[in-house]
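Me: I've got a new structure open and I'm not sure how to read the way its parts meet. Could you walk me through it?

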Amino acid sequence: MQNAELGKRAPRWIRDNEVTMCMKCKEPFNALTRRRHHCRACGHVVCWKCSDYKAHLEYDGNKLNKVCKDCYHVIIGCTDSEEKKRKGILEIESAQVSGNSVICSFLQYMEKSKPWQKAWCVIPKQEALVLYMYGAPQDVKALATIPLLGYTVDDTPRSADLPHSFKLTQSKSMHSFAADNEELKQKWLKVIHLAVKGETPECQNE
């Protein structure tokens, strides 16, 4: 939603299950100390610390509503220059890169001997040689990034692996991924085979 419309129209609410962390301070949610709250101006899911502001919202008859810090500053017309500081590499929002990506989908991910876990994986167009991993599609900070250049791809699953899995290895680091089906696995492999050689892959999202 554009800043000019904040508070004038009801926002589209991001669903609770689309995020695993506060969309403002990026702290992970948990049931006890960090519960999910919605900013009534932008619809983002935020923690209690980041929703501890109130502003009069036009669409709600100018009643006072809970809003996040960013919307509060916009609605009362104050800018916070510190908020403009450059975002780090992991702080590129998932929704931002997913909407302009070569490929994105959920994949199962395993590192070393840890258990398999679900991750929202994205290769953005502007960084087509880097794989970003998020906890959920709307998260505002990546859990990890893998620069793909120079990795070796192994697409034959061992008996202990999930059926549609593949591995990326480089010297001592190994990352295992598994898609939900063979078609999705092949789409990812098509992109990754090019990226590891430093070639920009074609978009697979259409």
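Reply: Sure! Keep in mind that this is a predicted model. Let's begin with the spacing: the centres of domain 1 and domain 2, taken over C-alpha atoms, lie 31 Å apart.

Me: Which stretches of the chain are domain 1 and domain 2?

Reply: Domain 1 covers 1-85, and domain 2 covers 94-197. Where they touch, domain 1 puts in 9 residues and domain 2 puts in 8.

Me: How do I read the size of an interface?

Reply: People often quote the accessible area that is lost when the parts come together. Here, domain 1 and domain 2 bury about 700 Å² between them, and carbon and sulfur atoms supply 67% of that. On the domain 1 side, E18, M21 and K26 give up the most area to domain 2, together 56% of what that side buries.

Me: How many salt bridges and polar contacts cross the interface of domain 1 and domain 2?

Reply: For salt bridges, the rule finds 0. For polar contacts, it finds 2 residue pairs, both at pLDDT 80 or more. Sorted by class, the domain 1 side that touches domain 2 has 5 nonpolar, 1 polar and 3 charged residues.

Me: Now a single residue. Where does G99 sit, and why is it called exposed?

Reply: Look in the loop between α2 (94-98) and β5 (101-111). G99 counts as exposed because its relative accessible area is 69%, and the cut-off for exposed is over 50%.

Me: How far is G99 from P124?

Reply: They're 25 residues apart in sequence, and 8.5 Å apart in space, C-alpha to C-alpha.

Terms used. Residues numbered from 1 in each chain as written. Predicted model: local features only at pLDDT ≥ 70, side-chain atom pairs only at ≥ 80, totals over all residues. Heavy atoms only, no water. Helix = DSSP H or I, 4+ residues; strand = E, 2+ residues; numbered from the N terminus. Buried < 20%, exposed > 50% of the residue type's maximum accessible area, 1.4 Å probe, protein only. Domains from an automatic or database assignment. Contact = heavy atoms within 4.5 Å. Buried area = accessible area lost by both parts, 1.4 Å probe. Salt bridge = Lys/Arg side-chain N within 4 Å of Asp/Glu carboxyl O. Polar contact = N/O pair within 3.5 Å; in protein donor to acceptor, adjacent residues only side chain to side chain. Nonpolar A, V, L, I, M, F, W, Y, C, P; charged D, E, K, R; others polar.
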